[in-house]
Amino acid sequence: MNLEQILRAAVEQSFTALYGQCPDNLQIQPTNQEFEGSHTLVCFPLTKISRKGPEETARLIGDHLVLNSVIVNRFNVVKGFLNLVLNDSVWLSVFTSILKNKSFGRLPRNDNEIMVEYSSPNTNKPLHLGHLRNNFLGYSVSQIYDAIGYKVHKVQIINDRGIHICKSMAAWELYGHGETPESSGIKGDHLVGKYYVLFNTHFTREVAALLQTGLTEKEAEKQSPIMQRAVTLLIQWEQADATVLKLWKTMNGWVYHGFNATYKRMGVDFEKLYYESETYLLGKEEVLRGVENGTFFKKDDGSVWVDLTTDGLDQKVLLRSDGTSVYMTQDIGTAILRFRDFPKITGQIYTVGNEQEYHFKVLFLILKKLGFEWASRCYHLSYGMVDLPTGRMKSREGTVVDADDLMQEMVEEAEKQTRELGKIEGWADAETIPLFEMIGLGALKFFLLKVDPKKKMLFDPNESIQLQGFTGPFIQYTHARIRAIVRKAAQMGVQTNRDFTGIVTALEPAERECLQVICQYESKLLEAAREYSPAVIANYVYELAKSYNKFYQNIPIFNESDPAKLSFRVAFSTIVADTIRNAMSILGIAVPDKM
RNA sequence: GGUCCGAUAGCUCAACUGGAUAGAGCAUCAGAUUUCUAAUCUGAGGGUUCGGGGUUCGAUUCCCUGUCGGAUCACCA
């Protein structure tokens, strides 16, 4: 039982003793800074049962608690708010139990399994800033569920087939001169992306030329030789033409190789990859089954549709008139396949941008209509676009921020700043290189995760790497400072592994305050899981770091003459550092011991 | 036009299922401390929570309505 549960039980007992019954949704919240106390009971809702005014109700409960409960020391009443001051002995025993609990911050394993999909890029160009938010979010949500005891399956769907990859293939065939990642020294995904861009340049040029000859825009686009080549490639691919398949495999292979390097630097991973080329046929089967049992219908031209007008949505195409599948078709197949592969999962989380909200609404509805009861347990973790101070990212205008470039710039900036501060002089490269990586990526991840996922956000690279304020590096530094204290204490031979109940009699206000923040960690994890929001954790860990800084500022640890208090404060610092490290690992961010 | 989402300090963001005088950081100004890592701490100024109604002990939060911004409504993915 944690502190809040103990307190809740005590209040329930008192209220029941006074009035014979007690509502089960007692509102206990942290006390505002300006009042004395740590926990506050909101008494307005209780007046219906107590049949007294809010203030009197609060006073009576407070009196009863002080007399009958061992944990409440004193109280004060402001309007209908009952502010409770707990005994320091309670705080100390809570502290000791956290200190001894090796798995603090990780809830016990349970039988739940959940699947998280994230990343899921197209294979025709490298990852960009938007993918960074996607990956960090998906990874972090996986970590959150892992921490509350779930078994998590991280997956992604790779859109490896379709016209987009054929465009890169066409351009490479025509203008590539056999260029490979090895021959050019260009990372595979960037190389394929280069030909995708090249396709568009030539396509635009060809269309412009054809327009001169008097064709309409539509005709010109159709007759463009490079576009015709791409379409041919797509048809040949579907016919399993050996040479086309070989080229397709080769170029996709380059992309995967490049992506893997990017994922590795990001610090994300996957248990299983699904490929569109392997799931779209199952989707097609299911759609045809749906036609047979009347869930879907066929139009005269042979295309298959679902009618969702009674659900307030539109009609949606599921198979083209030529029988080929669309995006929705393969998503149906993928979802079914996943629940077959992992029958124990209680649900599935799709980390995909908010521009696809409609798509997922339709997808889940279709799955429900097909009779899959798990459809209601699919959740679209939707997130907003990432803007830059320089303006919006537009692939057409070439203002897309490449993920690899950005990570590299962040790390370089981290190095520059750290060197300027001069604290790492004389360090070996083996120490500094991982440190720059930690700071640069920590800054990036923290900044992208601290904002509520569903909101669109502004990414300011310069602000993100600052060592002051609501940033990753600030928290990393706080952690490093605490570690320095703990190291020094260890050199002095201070013992920290002990029970402080009864040895230490009183707490400083800053200690009590900080301890209170630590106690909130597990409930924050649950809240983060409920909301699918790493931002909850980011806000929390920032609050914790600030809270410790106040403590650190007010209490000179090594000036303490009482050895019990000295070891208590060092142990206390250890717990804060551990909690910071735990919370940051939920965000996928490493924290250094020295910086 | 239909649907969904957003709007909070100069800027970037918080505010737990409706709770106290709406909070942080940055920026501005004024101080402390020169250490156990100052990459710190304290204080000040800065608000009609987009406008207008409603629900109640109490609304940034819920309902209605208007304004603005974004997304989406493809035989694209």
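**Exercise 1. Is S382 buried or exposed, judging by its relative accessible area?** Place the residue in its strand and list its surroundings.

*Solution.* Keep in mind that this is a predicted model. Start with the location: S382 sits in strand β12, which covers residues 378–383. Next, take the relative accessible area, which is 12% for S382. The cut-off for buried is under 20%, so S382 is buried. Now turn to the surroundings. Setting aside neighbours within four places in sequence, S382 is in contact with V352, G353, N354, E357, P453 and K454. One of these, E357, also takes part in a polar contact: its side chain pairs with the side chain of S382 at 2.7 Å.

**Exercise 2. Compare the settings of S142 and T204.** Assign each residue to a helix and then to an exposure class.

*Solution.* Begin with S142, which is found in helix α5 (residues 129–147). Its relative accessible area is 1%, so S142 is buried. Leaving out residues up to four places away in sequence, S142 touches V116, Y118, V152 and K154.

Now take T204, which lies in helix α8. Here the relative accessible area is 52%. Exposed means over 50%, and T204 is therefore exposed. As a last step, look at a pair: T204 and E221 are 17 residues apart in sequence, and their C-alpha atoms are 8.6 Å apart in space.

**Exercise 3. Work out how helix α10 is oriented towards α11 and towards α8.** Then name the residues that make each contact.

*Solution.* Take α10 (residues 225–238) with α11 (residues 242–266): they pack at about 105°, with axes 8 Å apart. Angles of 65 to 115 degrees count as roughly perpendicular, so α10 is roughly perpendicular to α11. From α10, the contact uses L233, Q236 and W237, and from α11 it uses V244, L245 and W248. Sorted by class, these give 5 nonpolar, 1 polar and no charged residues.

Repeat the steps for α8 (residues 188–212) and α10. The angle is about 125°, and the axes are again 8 Å apart. The two helices are therefore oblique to each other. On the α8 side the contact is made by F199, H202, F203 and E206, and on the α10 side by P225, I226, M227 and A230. The classes here are 6 nonpolar, 1 polar and 1 charged.

**Exercise 4. Which residues touch the most other members of the largest nonpolar core?** Follow one of them to its contacts, and then look for a second core.

*Solution.* The largest nonpolar core has 151 residues, and Y145, L444 and F459 touch the most other members. Helix α22 (residues 563–586) supplies the largest share of this core, with 12 residues. Follow L444: not counting residues up to four places away in sequence, L444 touches L132, F136, L406, M407, M410 and F459. A second core, separate from that one, has 35 residues, including L318, L319, A335 and L370.

**Exercise 5. How many helices and strands are there in chain A?** Add a description of the chain as a whole.

*Solution.* Count the elements: chain A has 22 helices and 14 strands. For extent, the C-alpha trace spans about 90 × 65 × 40 Å along its principal axes. For burial, 52% of the 595 residues count as buried. For contacts, consider pairs at least 6 apart in sequence: 73% of these contacts join residues at least 24 apart.

Note on methods. Residues are numbered from 1 along each chain as its sequence is written. Chains are lettered from A and ligands numbered from 1 in the order in which they are written. This is a predicted model: local features need pLDDT of at least 70, side-chain atom pairs count only at pLDDT 80 or more; totals for chains, interfaces and linings use all residues. Side-chain values use heavy atoms; hydrogens and water are left out. Axes are lines fitted to C-alpha atoms, for helices over the stretch in contact, and angles run from 0 to 180 degrees between N-to-C directions. Helices (H or I, at least four residues) and strands (E, at least two) are DSSP runs, numbered from the N terminus. Angles under 35 degrees count as roughly parallel, over 145 as roughly antiparallel, 65 to 115 as roughly perpendicular and the rest as oblique. Contact means heavy atoms within 4.5 Å. Ala, Val, Leu, Ile, Met, Phe, Trp, Tyr, Cys and Pro count as nonpolar, Asp, Glu, Lys and Arg as charged, and the others, Gly among them, as polar. A nonpolar core is a set of buried Ala, Val, Leu, Ile, Met, Phe, Trp, Tyr and Cys residues joined through side-chain atoms within 4.5 Å. Buried means under 20% relative accessible area, exposed over 50%, partly exposed in between (1.4 Å probe, protein chains only). A polar contact is a pair of N or O atoms within 3.5 Å; within protein, one must be able to donate a hydrogen and the other to accept it, and residues adjacent in sequence count only if both atoms are side-chain atoms.
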